[in-house]
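Trainee: Could you take me slowly through a single part of this model, telling me how its pieces are joined and paired? I would like one connected explanation that I can follow with the structure open.

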Amino acid sequence: MSETLVADRSRHGRLRRPSGEPPPLPRQFNKVAIAWLAAFVGWAIVWAWVFLSDDPAIWITERDLELMGPIVDNRAGWLTPSMKAINEIGTHWATPIVGWLALVGALLSKHVRHAVLLIVSLAIIAGVVTIVTTQIDRPRPLGVTQIGDWEGFAQPSRPVALLTGALVAAGLTLVPSVPWRRYWYRATTVLIAVFGFAQLYTGVDHPTDVFAGATVGVAVPLVLYRVLAPEMVFPITYGGGSTAHLDVTGPRGDAIRRAMADQLGVQVADVTPVGLEGSAGSTPLRIVDVAGEVLFAKLYASSHLRSDRSYKLGRTLLYGRLEDEQRYSSVRRLIQHEDYMLYVLRAAGIDCQEPCGIVEITPDREYLLVTEFLEGAVEISEAEVTEEIIDEGLELVRKLWRAGLAHRDIKPANVMVQGDRLRIIDVAFAQVRPSPWRQAVDLANMMLVLALRSSPELVYERALRLFTADDIAEAFAASRGVTLPSQLRSDVRHDGRQLLERFRELSPERAPVAIQRWSLRRIGLTVWVGLIVAFLIAIFVDNLSDIGLL
Amino acid sequence: MSTRRHLARHRRLARVGAASAVLLVAAACSVELATPPPGCAGGSGLIAAQSVPTAEQIPCFEDLPEGWSFATVNVNQNGTVVRLDSDRAGTTAATLRFEENCDLGAAVAVPSNVDEVERFDFIERLEPSFRAQTYYVFDGGCVTLEFDFDRGASATESVALDDIVAFVSRQDLNESIRESFIDEEL
């Protein structure tokens, strides 16, 4: 290729997005959420007005009593037991049942963020209801005999607000958006309508108490989830797919096509996910342009950034500074780093993908890193591993060492064989001037990858041509389960040949290198995280009843 | 607007949002005090009256004596329960229950300050800790003021509470509603 792909392609792209023009996938606040937020604000204005003056309270109460008068004045003997039962179930049982089912379901399906948002939603609903009820001090309907269960002031209705909130949050937490959530919302509407009617029939709430409660119950979780767990970034999926993988059809697929054309001059004909099983930190894509040329792209979103932060925090707590790295502050930084590392590795003579450029999908939230597609390449675990391939793999590590680099994620999914070439991909974790320990682990991981499709004796023999026996001994002294990427760890376990132990037998004896690194920072962080978790659990347990879960 | 300023604005909004959420969550954490006690000059008097619809008299609290504070207030269809803490007599040292009926047991009648209300007292024990009940009985309802002091706390602490429980008649409450709110009654 005479020119780089970057130069070749960017010539056809627009110079820049004109000021004021929206990005390919603008961050949009859901219109439905805006409508409910507006309704909530409307109620807030009414509450403030009622707080400041008796006149609106009188007018609203008179209208309320006019509306509910025909209902309470015509209570039917055959209907009353059912209405009382619905009032009792809705007030005491429904919210804990729905809330706990949703919470356990979210944790079992690993939607931890959604589980936290469910609890926060209920806490905020309880907080709003508490604040408003104590300011408005509205009694139960006057002139009406209450025949149902109730507690405290009436406006807004606490049980209606909490049950609505639990149902809406459960839908947002557990139900896939297409096509089921629509049905969930319809069922929720019917349930709340029936419960609301029972509240009026039993005389415990005014109509406006029910409507205000329902508004709070819908608006709080809807807005919270839309802002902190938007469906586009944190979709609810089942069936074994990684939560890291984003849907590239619909608006995002259109945005990718538009962005590729505008920013790289590539007219995209097809975008499909590829190699999802080997990727957990991004959504890898195969992009075909109208001329049939194929490109590879990794889609990074803020969900990946947060996963990366959680992963690093967990590693720091469990092992100290095992990864020798800081978290990324933004998706932009994350993708810039990977793009930069591709250039650095290629400059060091390491055969990784040629970068084509970064494509902005949503500013600061979603980017594509576009590279060449390794046509015809297969993962090393599916290829024949010859002596030449083994030598190339070991030479790759030698080059990394020589250039002062570490790949840090050497596993079968990232070592590709294209014809007779061995190529390394996914350099997101690569590091300049890593610790000697980290470089040693790279060597051990590469030798394990190569040995999975050959023999440890052959790999060890070939390694001695490039590394000293002491280097290899240090590599395996530094390696153990946690230093192996999870795919490699799993493959080694299933291989059954005890590869790690065999390499240790082949190499000179050396004491294991300690992984645990204790520092004041780690101790402080552990104590801090422990305190926060204990505090949050204590608050949660102490307020189970208040947020409707008990 | 530059991206940096745009981002800064988003961060500020996020901080304000987070702070608001924390405040609301904190409010939720103190939800047990969501209902104020039935005060003689406001509070939850109306719903306390609704909690015992048969009662002709509704209990209400004057200002608490020094050292006493309201712990929890629960008002529902079964009645009203107010728990009080004392810095000397202990946590939940006094509990007021407003219900339709109460079991007077071995309590003896004593003079009452309110015409329509009869008073009965029963001292269960003085040592090792003071435990006693005062009953206020009236048409359609009853108020029990139960003392359960910590060991060593003086029984005289209960005397301070004698004067803070007052009563307002349902008729007066209804007249007040008609005059200042709407033409309805409890």
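Mentor: Strands E5(B) and E6(B) form a hairpin, with three residues between them, and this is a predicted model, so please read every statement here as a description of a prediction. Within that hairpin, E5(B) and strand E6 of chain B, which covers residues 90-99, run in the antiparallel sense and pair over six bridges. To find one of these pairings on your screen, look for Leu84(B), whose bridge partner in E6(B) is Ala94(B).

E5(B) also has a pairing with strand E4 of chain B, and here residues 68-76 of E4 and residues 79-86 of E5 are joined, again in the antiparallel sense, over eight bridges. The connection from E4(B) to E5(B) is likewise a hairpin, made through two residues. As a landmark for this pairing you can take Asn74(B), which has Val81(B) as its bridge partner in E5(B).

If you now follow the chain from E4(B), you pass through the two residues of one hairpin into E5(B), and after E5(B) you cross the three residues of the other hairpin to reach E6(B). E5(B) therefore takes part in two pairings, given that strands count as paired when at least two bridges are found between them: eight bridges link E5(B) with E4(B), and six link E5(B) with E6(B).

Methods: Residues are numbered from 1 along each chain as its sequence is written. Chains are lettered from A and ligands numbered from 1 in the order in which they are written. This is a predicted model: local features need pLDDT of at least 70, side-chain atom pairs count only at pLDDT 80 or more; totals for chains, interfaces and linings use all residues. Helices (H or I, at least four residues) and strands (E, at least two) are DSSP runs, numbered from the N terminus.
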